[in-house]
Amino acid sequence: MKKVRKAVIPVAGLGTRFLPATKSMPKEMLPVVDRPVVQYAVDEAFEAGIEHIVFVTGRNKAVIEDYFDLHPELIGTLEQTGKKAQLLSLESLLPVAGATSFIRQQSPQGLGHAVWCAREVIGDEPFALLLPDMVSFGGRGCLAEVADLYAETGGNVIAVERCDPTETSKYGIVGCGADVGSGFEVTAMVEKPAPANAPSNYYINGRYILQPEIFSLLGNQQRGAGNEIQLTDAMVRLSQSQAFFAQPFNGRMFDCGSKEGFIQANIAFALARDDMKEPVFDMLQEFVRSHERRVEAA
């Protein structure tokens with residue numbers, strides 16, 4: 001079993017659900033409290049033992065590469081003004097030299113195509129995949145749990161969570177087989193099935209460890225939903241020759257690609273911080289009381 005050393009983070013999406021904000025700012029740079037969304041994925045990857053991160057970028061995403069670089073002018077200003085806490089915080093977030101690569105996806109052709117673009121950097125190794133829109137909250141990071149199961153099973157491992165059984169048509173759903181360690185065997189993968197046809201209510205939540213054979217399948221994968229190259233379609237083909245396992249995530253994943261999930265994430269992370277939880281909680285209580293008064297008066 002080869003060690004998982006590298007991770008792919010696709011950041012080429014246009015972020016149309018957040019227009020007009022994303023007209024000039026990548027959606028991955030929108031802040032959850034005081035860190036951009038993409039920072040949470042990077043932290044999660046390094047927590048799980050990842051040594052090198054491959055960002056798959058697109059046009060107008062250069063600010064992401066700049067964010068993970070040194071900023072001498074900012075560092076100099078912080079040093080001169082004695083803002084040591086902010087300086088240490090910036091230094092702790094900076095990847096070590098050589099720990100990141102940036103690959104250009106020249107046209108948007110789906111998640112499967114974005115992953116395929118990283119093939120030369122990943123090489124013949126298993127790799128992790130993190131969708132940065134999905135932000136992990138609570139306890140250990142989701143990828144660390146996936147890596148634990150991978151150490152037991154090898155093969156391919158995907159993180160899952162339960163959804164309302166009536167909402168399976170919103171997600172990629174997996175079928176449940178025999179229990180294996182803290183997870184279970186995957187018997188099926190179905191993209192957005194109707195509730196009556198869903199094999200379970202476990203949905204794929206954006207964290208994966210995949211074997212490199214996925215690249216050859218993505219290279220000749222037929223276009224699927226949305227006329228895009230779908231990763232799930234290639235995983236279904238790979239499952240015909242390799243085992244897939246699922247790790248139920250013990251925390252919660254916020255979909256920061258949606259406005260509702262983005263707001264939920266900001267509230268949850270703010271309430272989890274000692275320096276913010278009391279004023280934020282008081283503010284939320286006042287908002288609720290004001291809303292109730294308006295409803296009563298209507």
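1. What volume does the second largest pocket have? About 470 Å³. Bear in mind as you look around that this is a predicted model. If you wonder how anyone finds a pocket, rolling a probe the size of a water molecule over the atoms shows where empty space is left.

2. Now for the residues around that space. The second largest pocket is lined by 22 residues, and those closest to its centre are Asp34, Arg35, Tyr40, Asp43 and Phe269. Try picking out these five on the structure before going on.

3. Which elements give two or more residues to this lining? They are strand 3 (35-36), helix 1 (37-47), helix 4 (84-93) and strand 7 (134-137). Helix 1 gives the most, with four residues.

4. The lining is a mix of classes: ten of its residues are nonpolar, seven are charged and five are polar.

5. Why does the second largest pocket lie between domain 1 and domain 2? Because residues from both domain 1 (6-257) and domain 2 (258-297) take part in its lining.

6. Next, have a look at the surface. Ile263, Ile267, Leu271 and Phe281 make up a nonpolar patch there, and together they have about 330 Å² of accessible area. Helix 10 (residues 259-271) supplies the largest share of this patch, namely three residues. Ile267 is one of the residues found in helix 10.

7. Two spots in the backbone deserve a second glance. As a rule, most peptide bonds are trans, and most residues other than glycine have a negative phi. Here, though, the peptide bond from Leu19 to Pro20 is cis, and its omega is near 5°. You'll find Pro20 in the loop between strand 1 (6-10) and strand 2 (31-32).

8. The other spot is Val33. This residue is not a glycine, yet its phi is positive, near 60°. Look for Val33 in the loop between strand 2 and strand 3.

9. Last, the salt bridges. How many does a search of the whole structure find? The count is 16. In one salt bridge, the side chains of Lys2 and Asp124 meet, at 3.7 Å from N to O. Lys2 sits in the segment before strand 1, while Asp124 belongs to the loop between helix 6 (119-122) and strand 6 (127-130), so this pair ties together parts that are 122 residues apart in sequence.

How values were computed
Residues are numbered from 1 along each chain as its sequence is written. This is a predicted model: local features need pLDDT of at least 70, side-chain atom pairs count only at pLDDT 80 or more; totals for chains, interfaces and linings use all residues. Side-chain values use heavy atoms; hydrogens and water are left out. On a 1 Å grid over the protein atoms alone, a cavity is a set of points where a 1.4 Å probe fits but cannot get out, and a pocket is an open set with protein on both sides within 12 Å along at least five of seven lines; lining residues have an atom within 4 Å of a point. Grid points are joined across faces, edges and corners, and a volume is the space filled by probe spheres set on the points. Ala, Val, Leu, Ile, Met, Phe, Trp, Tyr, Cys and Pro count as nonpolar, Asp, Glu, Lys and Arg as charged, and the others, Gly among them, as polar. Domain bounds come from an automatic or database domain assignment. Patches are made of residues with over 30% relative accessible area and no salt bridge: like charges are joined within 9 Å, nonpolar side chains (Val, Leu, Ile, Met, Phe, Trp, Tyr) within 5 Å. Accessible areas come from the Shrake-Rupley method with a 1.4 Å probe; for residues, only the protein chains shown count as cover. A salt bridge is a side-chain nitrogen of Lys or Arg within 4 Å of a carboxyl oxygen of Asp or Glu.
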